[in-house]
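Me: I have a model open and would like to learn how to read its contacts, sheets and domains. Could you walk me through them?

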Amino acid sequence: MSNQLLDKSHFKLYANCIPVKGASRSIICDIQRGRYNFITNDLYEILSEQSDLSINDIFSFYGAENKEILEEYFHFLSSEEYIFFCEFEELGLFPKLDLHWESPSIITNAIIDVGIDSNHNFPDIFIQLEDLGCKALQLRFFTETTLNEVSEILAFTESSSITSLEVIIPYPIKVTTKQEYISFASSNLRLSLVIFHSAPQNSVLENESLPCTYILFTEDQINDESHCGVISKSYFTLNIESFSEAQLFNSCLNRKISIDKSGNIKNCPSMSLSYGNIKFQTLKEVIRMKEFKKVWSINKNQINICKDCEFRYICTDCRAFISTIDVLSKPAKCNYNPYLETWEEK
């Protein structure tokens with residue numbers, strides 16, 4: 001590696017590899033390949049604030065006693081394809097990635113909850129979501145239902161602009177075969193995720209015939225909206241679109257609209273504030289309210305503790321369950337401590 005370093009005078013981060021600094025450590029996010037790696041905050045400083053210096057100048061700045069560890073840094077970055085080596089004259093040929101986020105959709109995603117007393121007019125709701133340009137929809141069923149009943153509801157989306165459907169359903173009381181599960185998923189190819197909650201055990205249904213649809217079983221009993229808001233490494237999302245959106249917008253609530261099990265229109269079904277009921281208000285009327293859109297721009301750079309976290313641009317957020325009454329409080333269901341680099345048990 002030493003010879004390779006001497007061959008070129010400078011290094012350059014690939015545009016899709018973006019370092020994010022935390023309180024105690026940093027990460028490099030590869031937003032093209034959907035992966036991240038931990039780095040020290042010292043290495044973050046080199047990548048972000050000393051990237052115009054030559055490699056020899058960096059060696060001189062940190063002193064001969066640190067040259068070996070710096071060479072290890074560069075070897076790691078090169079082997080992981082985070083950086084490449086070039087001459088000074090070539091640095092300007094590789095601009096940074098534009099992280100500006102925008103969407104032609106007024107609403108990009110929605111949640112609809114279904115309880116025992118729900119009486120949603122799904123055909124009308126889906127037409128309204130279509131009019132708003134909604135692309136992703138999650139349906140959550142809290143009470144016993146059948147796969148046929150769910151399929152009948154999903155059939156109303158077949159001619160819509162929705163491209164991604166997630167469904168959360170109680171585990172069927174009646175014994176269901178693997179083929180019945182697969183047939184249910186194949187009845188609507190927009191299904192990207194099906195979760196059967198309150199199952200006897202956690203498992204994943206292997207499904208080669210539908211590689212784009214994940215069918216999961218969880219022992220968790222999801223019987224109301226209070227089960228929302230959990231922050232976990234399992235829910236990290238790392239791609240260009242979500243990373244860009246998280247720079248200025250809320251990673252959960254931006255361009256979202258929800259209908260709770262009673263028909264109340266909210267930012268999220270778990271939030272207390274309602275902006276009307278779907279029986280009497282249209283979704284478009286609610287979207288016009290300035291108050292409704294306030295939470296869209298609460299981003300991780302503003303939220304207490306989150307703003308010091310290295311995961312802030314790949315993590316989801318929750319404003320429904322927060323640590324204090326301050327709207328900028330850390331999510332109450334996040335157990336990560338960015339100052340100690342630990343996930344704490346609760």
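Me: How many salt bridges does the structure hold?

Reply: Happy to start there! Side chains of opposite charge can pair when their charged atoms come close. A salt bridge here is a side-chain nitrogen of Lys or Arg within 4 Å of a carboxyl oxygen of Asp or Glu. By that rule the structure holds 14 salt bridges. One caution: this is a predicted model, where local features need pLDDT of at least 70 and side-chain atom pairs count only at pLDDT 80 or more, while totals for chains, interfaces and linings use all residues. Residues are numbered from 1 along each chain as its sequence is written, and side-chain values use heavy atoms, with hydrogens and water left out.

Me: Which residue forms a salt bridge with R33?

Reply: That is E81, with the closest N and O atoms 2.7 Å apart. E81 sits in the loop between α4 (67–79) and β5 (83–86) and R33 in the loop between β3 and β4, so the pair ties together parts 48 residues apart in sequence. Helices (H or I, at least four residues) and strands (E, at least two) are DSSP runs, numbered from the N terminus.

Me: What is the strand order in the open sheet of eight strands?

Reply: Two strands pair if DSSP finds at least two bridges between them. Here the order is β10-β11-β9-β8-β7-β6-β12-β13, with mixed pairing. At the edges stand β10 (203–204) and β13 (265–266), each with a single partner strand, so one side of each is left without a neighbour in the sheet. For a parallel example, look at β9 (residues 191–197) and β11 (residues 214–217), joined by four bridges; V194 stands opposite I215 in β11.

Me: Where do the domains lie along the chain, and how much area is buried between them?

Reply: Domain bounds come from an automatic or database domain assignment, giving domain 1 (10–90) and domain 2 (109–293). Their C-alpha centres lie 40 Å apart. Buried area is the accessible area (1.4 Å probe) that two parts lose on being put together, summed over both. For this pair it is about 560 Å², with 85% from carbon and sulfur atoms. I31, G34 and Y36 supply 69% of the area that domain 1 buries against domain 2. The count of salt bridges between domain 1 and domain 2 is zero.
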